[in-house]
Amino acid sequence: MGKLDRAGRLGQWLGLGEIPHILGNLTRLQILDLSLNSRLVVKNLEWLPHLAFLRNLDLSLVHIETVNWLQQIIKSPSLEHLNLEHCNVPEPIISTSHLSSNVSSRLLSSLNLADTGLSSSAFRWLFNLSTRFTSIDLSSNHLAGRIPEAFGYMQHLEFIDLATNILEEKSLEELHLSNNHLCGSLPDITRFSSLKSLYLRENQLYGSFVESYGQTSKIEFLDLSLNQITGPFPNLTAFSALRELHLNNNQFKGRLPQSIGRLSKLEMLRVESNFMEGPITESHLSNLSSLRVLDLSYNSVSFQLGLNWLPPFELDVISLSHCKIGTHFPQWLRTQKNYSHLDISFAGISGVAPNWFWDLSPEMMHFSISNNQISGEVPDLSSKFVKETNYPTMDFSSNNFSGLVPSFSSNLESLNLSKNKFVGSISFLCKIANALFRTIDLSNNLLSGELHNCLMGFEELAILNLANNNLYGKIPNSIGSLLEIQSLQLRNNNFTGDLPTSLKNCGILQILDVGGNKLSGEIPLWIGSHLTFLVVLSLRLNKFNGSIPQNLCHLNKIHILDLSQNSLSGEIPLQWKSSESVYNKTLGLLKIIDFSKNKLARKVPEEIAQLDEVLSLNLSRNNITVNVIEGIGKMEKLESLDLSKNQLTGRISTSLAQLHFLSVLDLSSNNLSGKIPSSTQLQSFDPSAYEGNNELCGPPLVECPEDRDTRSPGVDHSKINNLDEDDKILSSGFYMCVASGFSLGFWGVIFTIILNQSFRDAYFQKLTNFAIWISATIVMLLRRLKVLWSWRTSTLH
């Protein structure tokens, strides 16, 4: 009868004749596979419902002769997967009312009835079998007529195969299968001769388009975006009726074919975020008189259009970010008067913007010319965008604009003027305040003056970045009226006085960065009690005094805590609880701690070692006296540790040797003594990491007295000393590479939440290039280390 394995599975049936009823006695059976036994016969399935735990039933190629097969299958309470492929089942006899009862309780999710001889009458019972279908295979049957609309209501369906039937595809005009998990290559979609709309957005389709099509297609709307389709961009001349084409966010490569210009009815062309390259010429665009949306962004295409070329279209959306437009402003833009979306960021444009460019469309909703080399002054734009229903976003960032900040209308949603050379005050903010403003970024300019007390008008403001300017005075109390603020960056200005108490009203604040100012007083207690959503808190390089409030340790979402370069005193407050699980719960997300250059005294609390997610710990330039943290080896992810310029005494904790990811270490200028613990990691650092500890010994410093008696005779130590000089150079280079990589990588991740899309893309591209350089440098340095080590080993032996 077969062999039952431990999991309750019955191995492949090897017998002949009728399947015996006693199979129903295997009540614990979970998987029953009798497939590929063409000489087996099923004359009765009444035993099947007795298998209460059966999840998977495979009878493919078995002869089923009973007409009650379907009735017994729906009685199986746990069945999830059913395979009857090649079974040639008889037409079942079952009432619709019997099928409908308790259909919602059935678990059946996968059904394979391919090549079973089904006719269109199967549709009468198929849709009542289960509400949980994810996969249905009805291929190679005798299904005829129209494809039932009921397939469109199967919410969990991921796969369906209706191939090799006689269904009337001619009746299908619109097919929506977006946002599913459909996979596989793209078929010849022209065989759906009446299809006008095909939506397959956000699936898992792959492969490339077919090279040629069997017939002309009537498709007008084709959306294959957000898939994984590869290969060259297809020749779509067979799709002459196309009005909308969405092929964005795939993996197309090569040039955009000039045949795209034959699609004279095309209104929307979206191919952004692919790997396209090569020229865009007049041949591509001159016949597209109906075009309204042109999005080629995030490709490496280059525009090669004549200076006097006049486009036949009037665009509503112009999105060419990261395209190579050229050093001069494209003259053809002058003919576009009514666009609502213009993005020519990262386009390589330089020079002064022509006057005609500032005659912006009153319908504008999004405007971005960021990350170019555009210079000159921006004119008065206060008369633009006065339409009350429009709240546009404007991005001038990362250019060479100079002069006073221009005037704007008061109905903007977002304004980014960062990384330019604008001068003057920021009093203009009082004129443009509105309740729907979400983002203001004026950072990295030459702005001066005070921050006026008019911020209460920005009721919905989420991001305010005024960093790296010359602003001064006190931070106004109206800052506390920004109840929706999530990121407040005022670093590297000249603000004075206390942090305003009203700031505690900003209860959803995630980033508070006021470092590099002249703020004074004690760190307010309300930061720890009211600003509980903080991810980044930077008070560095100010004049704060007093002790560190204990309730800062209750900021359970904090990633970066930087209180460095102030006049803080007392002990580091980490002893308010005693349970390790509490530390993990409250400060479990903390990645960077920097308390350096203060007046903190006594010991580092041992509890800090329980913060096992910390990557960087800097307590340098304080008055800490007690030894390096015992149990620091628990901080397994630590990459950077700086305890230099304190008054640490005693031996270095042996647990320090357990930090295998440690790439930056500085224990210099303390009073440490004894032998440096032995580990591959600790001996790899430059001697400067330990210098200024006169009683410290052992590699990479001088030998300890107890080791001198075991020195190998006949070794030329002068060669080793010369070799150490090379090692010093190697370690310094390695130190700088790793430190730079760490700093850029982590701070980049944190601050991308406050940057716009185009800046994020440019930043990550630059970061990727820099990471590649670091990797190459490290490989070269490690190779050199290997050579030096081999020489040292041969010398010693």
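The second largest pocket has a lining of 39 residues, and I160, L162, L175, L177 and F192 are the ones that lie nearest its centre. Welcome to this predicted model, a protein of 797 residues in which 50% count as buried. The tour below starts with that pocket and moves on to the overall build, the salt bridges and a few individual residues.

**The second largest pocket**

- The space in the second largest pocket comes to about 1,300 Å³.
- Four strands each give two or more residues to the lining of this pocket: β11 (159-161), β12 (166-167), β13 (174-176) and β14 (183-185).

**The protein as a whole**

- If you trace the chain from end to end, you will pass ten helices and 54 strands.
- Take the contacts between residues at least 6 apart in sequence: 54% of them join residues at least 24 apart.
- The protein exposes about 36,600 Å², and 51% of that is supplied by carbon and sulfur atoms.

**Enclosed spaces**

- Two cavities of 30 Å³ or more turn up when the whole structure is searched.
- The second largest cavity holds about 80 Å³ of space.
- Its lining is made up of L333, R334, Q336, K337, Y339, W356, F357, D359, L360 and S361.
- Empty space of this kind is found by rolling a probe the size of a water molecule over the atoms.

**Salt bridges**

- There are ten salt bridges in the structure, and the pairs described here include three that link separate stretches of the chain.
- R491 and D513 form one of them, with their closest N and O atoms 3.3 Å apart.
- These two partners are 22 residues apart: R491 sits in the loop between β38 (487-489) and β39 (494-497), while D513 belongs to strand β40 (residues 511-513).
- R491 counts as partly exposed because its relative accessibility is 22%, whereas D513, at 4%, counts as buried.
- R602 and E571 meet through their side chains in another salt bridge, at 2.8 Å from N to O.
- Here the partners are 31 residues apart, with R602 in strand β47 (residues 599-602) and E571 in the loop between β45 (567-570) and α7 (580-586).
- With 53% relative accessibility, R602 counts as exposed; E571, with 29%, counts as partly exposed.
- A third pair is E613 and K591, whose side chains meet in a salt bridge at 3.3 Å, N to O.
- E613 is in the loop between β47 and β48 (616-618) and K591 is in the loop between α7 and β46 (592-594), so this salt bridge ties together parts that are 22 residues apart in sequence.
- E613 has a relative accessibility of 22% and so counts as partly exposed, whereas K591 is buried at 17%.
- E220, R243 and E267 belong to one network, joined by salt bridges that share partners.

**A nonpolar patch on the surface**

- L404, V423 and L446 together form a nonpolar surface patch with about 260 Å² of accessible area.
- Within this patch, V423 is part of strand β33 (residues 421-424).
- V423 is partly exposed, because its relative accessible area is 32%.

**Two buried residues to look up**

- You can find I432 in helix α5 (residues 429-432), where it counts as buried because its relative accessibility is 1%.
- Leaving out neighbours within four places in sequence, the residues in contact with I432 are F408, S409, S410, L415, F437 and F458.
- I432 and G457 are 25 residues apart along the chain, and 8.8 Å separates their C-alpha atoms.
- S340 lies in the loop between β25 (317-319) and β26 (341-343).
- The relative accessibility of S340 is 14%, so S340 counts as buried, the cut-off being under 20%.
- Apart from residues up to four places away in sequence, S340 touches D316, E363, M364, M365 and H366.

Terms used: Residues numbered from 1 in each chain as written. Predicted model: local features only at pLDDT ≥ 70, side-chain atom pairs only at ≥ 80, totals over all residues. Heavy atoms only, no water. Patch = residues over 30% accessible without salt bridge, like charges linked within 9 Å, V, L, I, M, F, W, Y side chains within 5 Å. Areas by Shrake-Rupley, 256 points an atom, 1.4 Å probe, with all protein chains shown as cover. Salt bridge = Lys/Arg side-chain N within 4 Å of Asp/Glu carboxyl O. Buried < 20%, exposed > 50% of the residue type's maximum accessible area, 1.4 Å probe, protein only. Contact = heavy atoms within 4.5 Å. 1 Å grid on protein atoms, 1.4 Å probe; cavity = no way out; pocket = protein on both sides within 12 Å on 5 of 7 lines; lining within 4 Å. Points joined across faces, edges and corners; volume = space filled by probe spheres on them.
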